[in-house]
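Me: Please take a close look at one part of this structure: the open sheet and what packs on it. Set it in the context of the whole chain.

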Amino acid sequence: GVVVSKTIEETNLENYFDITLKVTSKDEISSLAIPSSASIVLVIDNSGSMKRCMDGTYGNNNVCNDSSKVSRLDALKEALNGAKRSNGTTDDTGFVDYFFKEAKDTFESLPVTADDNKIVRELGIVTFSSSASTVMPLTSYDKNSNFDVEKATVENYINRISGNGATNPATGLAAANKMLENSSNSSKYIIFLTDGLPTTTGNS
């Protein structure tokens with residue numbers, strides 16, 4: 001059977017707590033089934049602090065100006081789009097690569113009898129700083145999609161993201177939730193990407 005436990009601990013910040021949810025099973029899990037139809041929204045922090053170096057250092061205008069270091073926003077883009085090669089291209093290790101490769105493999109492996117007109121993968125992108133913005137609306141992909149073209153389009157959206165403003169994650173999560181409400185898929189996911197705690201709240 002499955003055993004679920006939850007603990008909560010105080011932190012050194014007022015009204016902030018660490019919550020740990022643990023799920024264990026005595027049964028061996030030999031495989032993980034990914035739903036054929038699924039919707040995902042990336043919620044990306046593009047506040048001013050994302051322009052700082054990964055170690056938190058920064059120069060003028062909150063920008064990482066040390067050529068030997070990488071900014072938090074550039075590191076995030078690399079995680080999503082893949083690492084940059086010396087020739088300016090990227091490798092195939094990013095989330096976007098995985099999303100489209102896995103989607104393509106799913107559609108190609110569907111049995112002939114599958115009602116594949118009803119099977120879609122969806123991806124959307126929301127950024128948040130002082131407020132939230134929709135970078136890419138929830139976009140559907142099916143067996144007829146040109147995955148190479150679509151992947152390049154998503155990567156371009158991500159590459160154009162810049163950092164500025166405060167950190168208000170509630171607005172980003174609210175925008176993502178609203179975006180997913182318009183999806184007919186039963187499997188819906190939010191991937192939340194940030195460098196720290198909120199610095200402002202409201203208008204969620």
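Reply: Start with contacts across the sequence. In this predicted model, contacts in the chain with a separation of 6 or more are 59% between residues 24 or more positions apart. The chain has 204 residues, and 34% of them count as buried. About 12700 Å² is exposed, with carbon and sulfur atoms supplying 49% of that area.

Now the secondary structure. There are four helices and six strands. Along the sequence they follow the pattern β-β-β-α-α-β-β-α-α-β.

Next, the sheet itself. Four strands form an open sheet in the order S5-S4-S3-S6. The pairing is mixed. Strands S5 (132-141) and S6 (188-193) stand at the edges. Each has a single partner strand, so one side of each is left without a neighbour in the sheet. From one strand to the next, the twist averages 15°.

Look closer at the S3 and S6 pair. In general, strands of a sheet pair through backbone hydrogen bonds, either parallel or antiparallel. Strand S3 covers residues 38-45 and runs parallel to S6. Six bridges join the two. For a landmark, take Leu42, which stands opposite Ile191 in S6.

Then come the helices. Helix H1, residues 72-81, lies across S3 and S6. Its direction is at about 165° to S3. Helix H3, residues 147-159, also packs on the sheet. H3 touches strand S4 (121-128) and S5. The direction of H3 makes about 175° with that of S5. To trace this on the model, begin at edge strand S5, where H3 makes contact. Follow the order through S4 and S3 to S6. H1 lies across S3 and S6 at that end of the path.

One more site is worth a look, on the surface. Val2, Val4, Leu21 and Val23 make a nonpolar patch of about 410 Å². Strand S1 (2-10) and strand S2 (17-25) are the elements that give two or more residues to this patch. Which residue shows the exposure well? Take Val4. Val4 lies in strand S1. Its relative accessible area is 57%. The cut-off for exposed is over 50%, so Val4 counts as exposed.

Definitions and conventions:
Residues are numbered from 1 along each chain as its sequence is written. This is a predicted model: local features need pLDDT of at least 70, side-chain atom pairs count only at pLDDT 80 or more; totals for chains, interfaces and linings use all residues. Side-chain values use heavy atoms; hydrogens and water are left out. Patches are made of residues with over 30% relative accessible area and no salt bridge: like charges are joined within 9 Å, nonpolar side chains (Val, Leu, Ile, Met, Phe, Trp, Tyr) within 5 Å. Accessible areas come from the Shrake-Rupley method with a 1.4 Å probe; for residues, only the protein chains shown count as cover. A salt bridge is a side-chain nitrogen of Lys or Arg within 4 Å of a carboxyl oxygen of Asp or Glu. Buried means under 20% relative accessible area, exposed over 50%, partly exposed in between (1.4 Å probe, protein chains only). Two strands pair if DSSP finds at least two bridges between them. Axes are lines fitted to C-alpha atoms, for helices over the stretch in contact, and angles run from 0 to 180 degrees between N-to-C directions. Contact means heavy atoms within 4.5 Å.
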